[in-house]
Amino acid sequence: MLLLNLLVLLLRHYGYVKKSDDSKHLHEIKIINQVTDYIEQHYNVEIKLRELADIAHMTPTYFSTFFKKYNGISPVDYIIRRRISRSMDYLLATDKTILEISGLCG
């Protein structure tokens with residue numbers, strides 16, 4: 001999971017964007033960061049694609065394509081992976097039951 005996150009950050013920074021598109025690229029990265037921050041803060045509750053698209057000021061269909069371009073996976077898969085990663089952290093660092101952890105991680 002950490003390797004995937006590192007690769008995403010590298011793609012975002014050095015991505016496949018032409019130099020003339022730098023300001024657009026920076027704006028897009030800002031949007032992605034806003035969305036991933038939102039996911040980080042709300043991963044434990046139901047997150048709808050429409051909510052994420054609204055944050056980005058895009059339609060859900062376009063947002064899904066946009067998100068996948070920058071992260072390599074769909075928004076739904078990103079949320080699932082975030083929840084699994086957080087669950088693994090709880091399993092390793094606490095003595096909570098699996099049922100308690102599932103409630104904490106959505």
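How much area does the protein chain expose, and what percentage of it do carbon and sulfur atoms supply? The chain exposes about 7,300 Å². Carbon and sulfur atoms supply 61% of that area. Keep in mind that this is a predicted model.

**Exercise 1. Describe the fold from its helices and strands.**

Solution.
- Step 1: Count the elements. The protein chain has 6 helices and 0 strands.
- Step 2: Read along the sequence. The pattern is α-α-α-α-α-α.
- Step 3: Look at burial. Of the 106 residues, 32% count as buried.
- Step 4: Look at contacts. Take those between residues at least 6 apart in sequence; 49% of them join residues at least 24 apart.

**Exercise 2. Find the largest nonpolar core and say which elements build it.**

Solution.
- Step 1: Start from a general tendency. In soluble globular proteins, nonpolar side chains tend to be buried together.
- Step 2: Find the core. The largest one here has 17 residues. Val35, Ile39, Leu52, Phe63, Phe66 and Phe67 have the most contacts inside it.
- Step 3: Assign elements. Two or more residues each come from α2 (22–42), α3 (49–56), α4 (60–71) and α5 (75–93). The largest share, 5 residues, belongs to α2.
- Step 4: Zoom in on Ile39. Set aside its neighbours within four places in sequence. Ile39 then touches Ile47, Leu52, Phe67, Tyr78, Ile79 and Arg82.

**Exercise 3. Check the length of α5, then list its buried residues.**

Solution.
- Step 1: Work out the expected span. The helix has 19 residues, so at 1.5 Å a residue it should span 27 Å.
- Step 2: Compare with the model. The end C-alpha atoms of α5 are 27 Å apart, which agrees.
- Step 3: List the buried residues. They are Pro75, Tyr78, Ile79, Arg82, Arg83, Ser85, Ser87 and Tyr90.

**Exercise 4. Classify two aromatic pairs.**

Solution.
- Step 1: Choose the quantities. A pair of aromatic rings is described by the distance of the centres and the angle of the planes.
- Step 2: Count. The structure holds 4 aromatic pairs.
- Step 3: Take Phe66 and Tyr70. Their ring centres are 5.3 Å apart and their planes meet at 55 degrees, so the pair is tilted.
- Step 4: Place this pair. Both residues lie in helix α4, 4 residues apart, about one turn of the helix. Phe66 is buried at 4% relative accessibility. Tyr70 is buried at 5%.
- Step 5: Take Phe67 and Tyr78. The centres are 5.4 Å apart and the planes are at 80 degrees, so this pair is edge-to-face.
- Step 6: Place the second pair. Phe67 is in helix α4 and Tyr78 in helix α5, so the pair ties together parts 11 residues apart in sequence. Phe67 is buried, with a relative accessible area of 0%.
- Step 7: Look for a cluster. Ring pairs link Tyr62, Phe66 and Tyr70.

**Exercise 5. Find arginines placed over rings.**

Solution.
- Step 1: Look at Arg82. Its charged end sits over the ring of Tyr43, 5.8 Å from the centre.
- Step 2: Look at Arg86. Arg86 lies over the face of Tyr90, 4.6 Å from the ring centre.

**Exercise 6. Is His57 buried or exposed, and is Asn71 buried or exposed?**

Solution.
- Step 1: Locate His57. This residue is in the loop between α3 and α4.
- Step 2: Apply the cut-off. Exposed means over 50% relative accessible area. His57 has 74%, so His57 is exposed.
- Step 3: Check its backbone. Phi of His57 is near 60 degrees, a positive value in a residue other than glycine.
- Step 4: Turn to Asn71. This residue is in helix α4. Buried means under 20%. Asn71 has 4% relative accessibility, so Asn71 counts as buried.
- Step 5: Find a distant partner in sequence. Asn71 and Ile32 are 39 residues apart in sequence and 8.7 Å apart in space, C-alpha to C-alpha.

How values were computed
Residues are numbered from 1 along each chain as its sequence is written. This is a predicted model: local features need pLDDT of at least 70, side-chain atom pairs count only at pLDDT 80 or more; totals for chains, interfaces and linings use all residues. Side-chain values use heavy atoms; hydrogens and water are left out. Buried means under 20% relative accessible area, exposed over 50%, partly exposed in between (1.4 Å probe, protein chains only). Contact means heavy atoms within 4.5 Å. Accessible areas come from the Shrake-Rupley method with a 1.4 Å probe; for residues, only the protein chains shown count as cover. A nonpolar core is a set of buried Ala, Val, Leu, Ile, Met, Phe, Trp, Tyr and Cys residues joined through side-chain atoms within 4.5 Å. The expected span of a helix is 1.5 Å times one less than its number of residues. Rings of Phe, Tyr and Trp (its six-membered ring) pair if their centres lie within 6.5 Å; planes under 30 degrees apart count as stacked, over 60 as edge-to-face and the rest as tilted. A charge sits over a ring if NZ of Lys or CZ of Arg is within 6 Å of the ring centre and within 35 degrees of the ring normal.
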